[in-house]
Amino acid sequence: MSYTIPNNCIKCGTCKPLCPTGAIEIDDGQYWIEPGLCDGCQDRYSEPQCVVHCPIDCPTPLQAKKGRYKAAERIATSPDLFSNGKNNPFASSMVIWEACKLLSGAKILPWKTDANGKLYYQRAVKHGRGAIAFRLSNDRESDLPQTLDEAAALPILDAIDIRSACLHLIYAAYATTLEKPWEQEFIISDLQIEKYLGLDKRKDLTKATKLTLIKILARQPCQLLTTIDWPQQGKVEGFSVEESRLWHLGAIHHHFQQDESGHKHLMGITFRIRAGRWAEYFLNKQSYRKRTAFYQYGTLPQFLLSTVMSIWQQHQGAVRMMLWLLFKVKMGQQQCITVPTLMRVGYGKEKILEASLKREHRKRLVRTFESDLEVLNYYGLKPIFDPATYQSEIQPLWAKLDELPEDAEEALEFWTNDGSGDRRLTDSGPRGKWDLLMKARILGFELPSEWAEQLAKLEKKKQQKTARKTRPRMNFELSAEEIQTARKHRGISQRDLAKKLGKSQSWIRDLENGRFCAKLEDQLLLRKLLGLS
Ligand code: SF4
Ligand code: SF4
């Protein structure tokens, strides 16, 4: 049962430090209890501590508010993100990526302790010519926060919720809407955050639970402090950013409604946030034009936020891989990814080391990895296995089943071949599967349409720019129908064509179904293989 503090509170302050869950807060000089954090002291004390120690027995059990929540007067917020319903630009510099990595996998990163006993995580930049380091603080509001030493930082590190990476990305998206994000604030409400994260559709959560969750997640990125030492890059001179906040949490405004008995009900929260000094160097339009700073941005698909919110509990590895891909494919270009790299992203170096030493760990890690890849595939991030190194025999079963041809005749041929071969589709992995996986590569990931469309636009823009500088190009684009007709005419199965192209069968199937257009280099290869001039 939660408690609440009515109007007759004399503001003596006795209760606040005694609350075991930190649920008692002061807003505008008034004491109030965050309902999502107050558990009535159950399992710790026989009686609620705020009631026992209050000189006037002020706190009372919180009665559920009946009826709908009325729209309370709120502070005006910054305009909504995702105005096209699909995606939004977001700051995507290395600082933002490293912070995202930290929030989504704090416990799997190699933290160290410096000479002053402070816990830090550091990433080398440009082959060690520079570095970005992060430290933690539990002081969320002051401009000169104290860095925590190891003992104090470990519980904060432990409490970092993987979902706070979503809030960090939302901030990174808001920062791109401002001319000088290191000077200007953006204002976000719980209603906007609910919508971006898909929490507005969660009927199983009460309003109080959602508000508490949003507040916890919104604060966590603001506990990171960063130090940057950046070497010269192109025309941009090297620079250093002294330890400063990644995000400044200017203020949290709570919006209450009071019922007839004088009890306050929390109706909403508004956050005022400003980007830290990193933005002056990595998200600075004006200086970018003068070649004295960077302006680095990518595309944040909204579905990624709601997906992370749905799968974070069961598939943390998949969440980390998905976030990594967000930064990796920011300019529409993907490179080959080795399986060890992807595993390191999802589970950390330690896990791979453990797996290489013990069979049990190995089996477990491969199972988790294959299941996480399946989740990515389910959400539209389809891995393209390298036919040379990630052959069918070591691919997960779900991927092999995914390759089943839709065409009845081709499916029959597929099963006949499967039955007559040395290995069956459903056979377990071969001996030495782990060693083979450690050398296997994924050529890239197909992306969901709302993500791919935007990246395609960026790539098109880039190509147009290049085309203007070079000679005019012929239109090589093959239609889905042309590809299918030519393939059938030459009696080549989707599977064989995929092998020759170094793609998956599903890539060919989707191409023929018109789900996307092949890149220029693939178009040229297709023309050659299908004998199209
Ligand atoms: S009942 Fe216990 S948990 Fe709730 S506000 Fe009072 S002291 Fe805190
Ligand atoms: S102890 Fe009682 S009177 Fe004092 S601040 Fe808390 S609720 Fe108010």
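Helix H5 (residues 190–197) and helix H6 meet with their axes within 11 Å, crossing at roughly 90 degrees. That makes H5 roughly perpendicular to H6. On the H5 side the contact is made by Asp190, Ile193 and Glu194, and on the H6 side by Lys210, Leu211, Ile214 and Ala218. Sorted by class, this contact has 4 nonpolar, no polar and 3 charged residues. Keep in mind while looking around that this is a predicted model.

**The whole chain**

Stepping back for a moment, the chain has 21 helices and 17 strands. Its C-alpha trace spans about 90 × 55 × 50 Å along the principal axes. There are 533 residues, and 35% of them count as buried. Take the contacts between residues at least 6 apart in sequence: 72% of these join residues at least 24 apart.

**A sheet of three strands**

Back to H6, which covers residues 207–219 and lies across strands S12 and S13, running at about 20 degrees to S13. Those strands belong to an open sheet of 3 strands in the order S9-S13-S12, and the pairing is antiparallel. Why do S9 and S12 each have one side left without a neighbour in the sheet? S9 (185–189) and S12 (247–258) stand at the edges and have a single partner strand each, so one side of each is left free of a neighbour in the sheet. From one strand to the next, the twist averages 20 degrees.

S12 pairs with S13 (residues 264–275) in the antiparallel sense, over 11 bridges. To find your way along this pair, look for His255, which stands opposite Gly268 in S13. As background, strands of a sheet pair through backbone hydrogen bonds, either parallel or antiparallel.

**A sheet of five strands**

There is also an open sheet of 5 strands, again with antiparallel pairing, in the order S6-S7-S8-S10-S11. Its edge strands are S6 (112–113) and S11 (239–245), each of which pairs on one side only. S11 has S10 (residues 224–230) as an antiparallel partner, with 5 bridges between them. Here Thr226 stands opposite Ser244 in S11.

Two helices go with this sheet. Helix H2 (residues 94–105) lies across S7, S8 and S10, and runs at about 40 degrees to S8. Helix H3 (residues 150–159) packs on the sheet and touches S6, S7 and S8, its direction making about 85 degrees with that of S8.

**Two loop residues with positive phi**

Now for a couple of backbone details. Asp28 has a positive phi of about 55 degrees although it is not a glycine, and it lies in the loop between strand S2 (24–27) and strand S3 (30–33). Is Asp28 buried or exposed? Asp28 is exposed, because it has 8 other C-beta atoms within 10 Å, and a residue counts as exposed at 12 or fewer.

His127 is another residue other than glycine with a positive phi, this one near 55 degrees. It is found in the loop between strand S7 (119–125) and strand S8 (130–136), and it is exposed, with 7 other C-beta atoms within 10 Å.

**Helix H20**

What about a helix with many buried residues? H20 (residues 505–512) has 7 of its 8 residues buried, so it is largely enclosed by the rest of the structure. The buried ones are Gln505, Ser506, Trp507, Ile508, Arg509, Leu511 and Glu512. They pack against strand S16 (382–385), helix H14 (397–402), strand S17 (441–446), helix H18 (480–489) and helix H19 (494–501). Just after H20 comes Gly514, with a positive phi of about 75 degrees.

**The two ligand surroundings**

Finally, here are the residues around ligand 1 and ligand 2.

| Ligand | Residues around it | Nearest residues | Classes in the shell |
|---|---|---|---|
| Ligand 1 | 15 residues | Cys19, Cys38, Cys41, Pro48, Cys50 | 11 nonpolar, 3 polar, 1 charged |
| Ligand 2 | 14 residues | Cys9, Cys12, Thr14, Cys15, Cys54 | 11 nonpolar, 2 polar, 1 charged |

Which residues come nearest to ligand 2? They are Cys9, Cys12, Thr14, Cys15 and Cys54. For ligand 1, the closest include Cys19 and Pro48.

Definitions and conventions. Residues numbered from 1 in each chain as written. Chains lettered and ligands numbered in written order. Predicted model: local features only at pLDDT ≥ 70, side-chain atom pairs only at ≥ 80, totals over all residues. Pairing = 2+ DSSP bridges. Helix = DSSP H or I, 4+ residues; strand = E, 2+ residues; numbered from the N terminus. Axes fitted to C-alpha atoms, helices over the stretch in contact; angles between N-to-C directions. Contact = placed C-beta atoms within 7 Å. Near = placed C-beta within 6 Å. Nonpolar A, V, L, I, M, F, W, Y, C, P; charged D, E, K, R; others polar. Buried ≥ 20, exposed ≤ 12 C-beta atoms within 10 Å, placed from the backbone. Parallel < 35°, antiparallel > 145°, perpendicular 65-115°, else oblique.
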